[in-house]
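Reader: I should like to discuss the surface of this structure. Please show the sequence and the structure before we begin.

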Amino acid sequence: MNKWFVITLGSILGVSHIGMIGMLATRNSFPQLNLPISDYTSYTVEAGKDGYRINYRANDPKVMEVRKDVQRPAGFLGFGKAKVYSSEEYTMDGSRHLSSQSGSKMSAAQKECIKAAGGGEQTGRIVGGSVGAAVATTGLASIPYVGWVLAGAATMLGMEQGAEIGGSMAKDFSGACQELEESIK
């Protein structure tokens, strides 16, 4: 009887030790982390037997930058080209992309630049329409059946070109627009 008792007790202790060794061998020694991740997050985790350390940043990068290199018509009648380089840094607080909703006011230089560009476009549209009409009446209007359509198209083309050239000339000669472009640089 003692023999069976010792064999049973030894079997139970042996199986329990094997189970304990199996549990310890398969146990994950590192913590399971469930960090919120989005497009603008970054984190580093350093884990070891003594513990772990987490460095988590929700808005990374905190400062972003937009660079623009624009080449637009400039000079007399828009034949020249002006290169405008602008670089703007902004943060995730929405000051750049939510500025129109936050009630921010336009500066006086911005208003003056818009007025100058609008006035130049309207003057250029009138001059361009006159040039287009002059071209249209000399030859296009005398074409049978479609002459009146071609004359209207030439006048509209002249108006659009005149507006574009006039607006760019007004921006080039306006001091307010030049100040804005320099402040962007």
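Reader: Is D39 buried or exposed?

Author: In this predicted model, D39 sits in the loop between α1 (2-26) and β1 (42-48). A residue counts as exposed when its relative accessible area is over 50%. D39 has a value of 72%, and therefore D39 is exposed.

Reader: How far apart in space are the C-alpha atoms of D39 and A58?

Author: D39 and A58 are 19 residues apart along the chain. Their C-alpha atoms are separated by 9.4 Å.

Reader: Which of β1 and β2 supplies the largest share of the nonpolar patch?

Author: The patch lies on the surface and consists of L33, I37, Y43, V45, Y52, I54 and Y56, with about 640 Å² of accessible area together. β1 and β2 (51-57) each contribute at least two of its residues. The largest share, 3 residues, comes from β2.

Reader: Is Y56, in strand β2, buried, partly exposed or exposed?

Author: Buried residues have under 20% relative accessible area and exposed ones over 50%, with partly exposed in between. Y56 has a relative accessible area of 32%, so Y56 is partly exposed.

Reader: What is the phi of Y145?

Author: Y145 lies in the loop between α2 (108-138) and α3 (147-173), and it is exposed at 80% relative accessibility. Most residues other than glycine have a negative phi. Y145 is not a glycine, yet its phi is positive, at about 70 degrees.

Reader: Which helix holds E179, and what is its relative accessible area?

Author: E179 is found in helix α4 (residues 175-184). E179 is exposed, because its relative accessible area is 52%.

Note on methods: Residues are numbered from 1 along each chain as its sequence is written. This is a predicted model: local features need pLDDT of at least 70, side-chain atom pairs count only at pLDDT 80 or more; totals for chains, interfaces and linings use all residues. Side-chain values use heavy atoms; hydrogens and water are left out. Helices (H or I, at least four residues) and strands (E, at least two) are DSSP runs, numbered from the N terminus. Buried means under 20% relative accessible area, exposed over 50%, partly exposed in between (1.4 Å probe, protein chains only). Patches are made of residues with over 30% relative accessible area and no salt bridge: like charges are joined within 9 Å, nonpolar side chains (Val, Leu, Ile, Met, Phe, Trp, Tyr) within 5 Å. Accessible areas come from the Shrake-Rupley method with a 1.4 Å probe; for residues, only the protein chains shown count as cover. A salt bridge is a side-chain nitrogen of Lys or Arg within 4 Å of a carboxyl oxygen of Asp or Glu.
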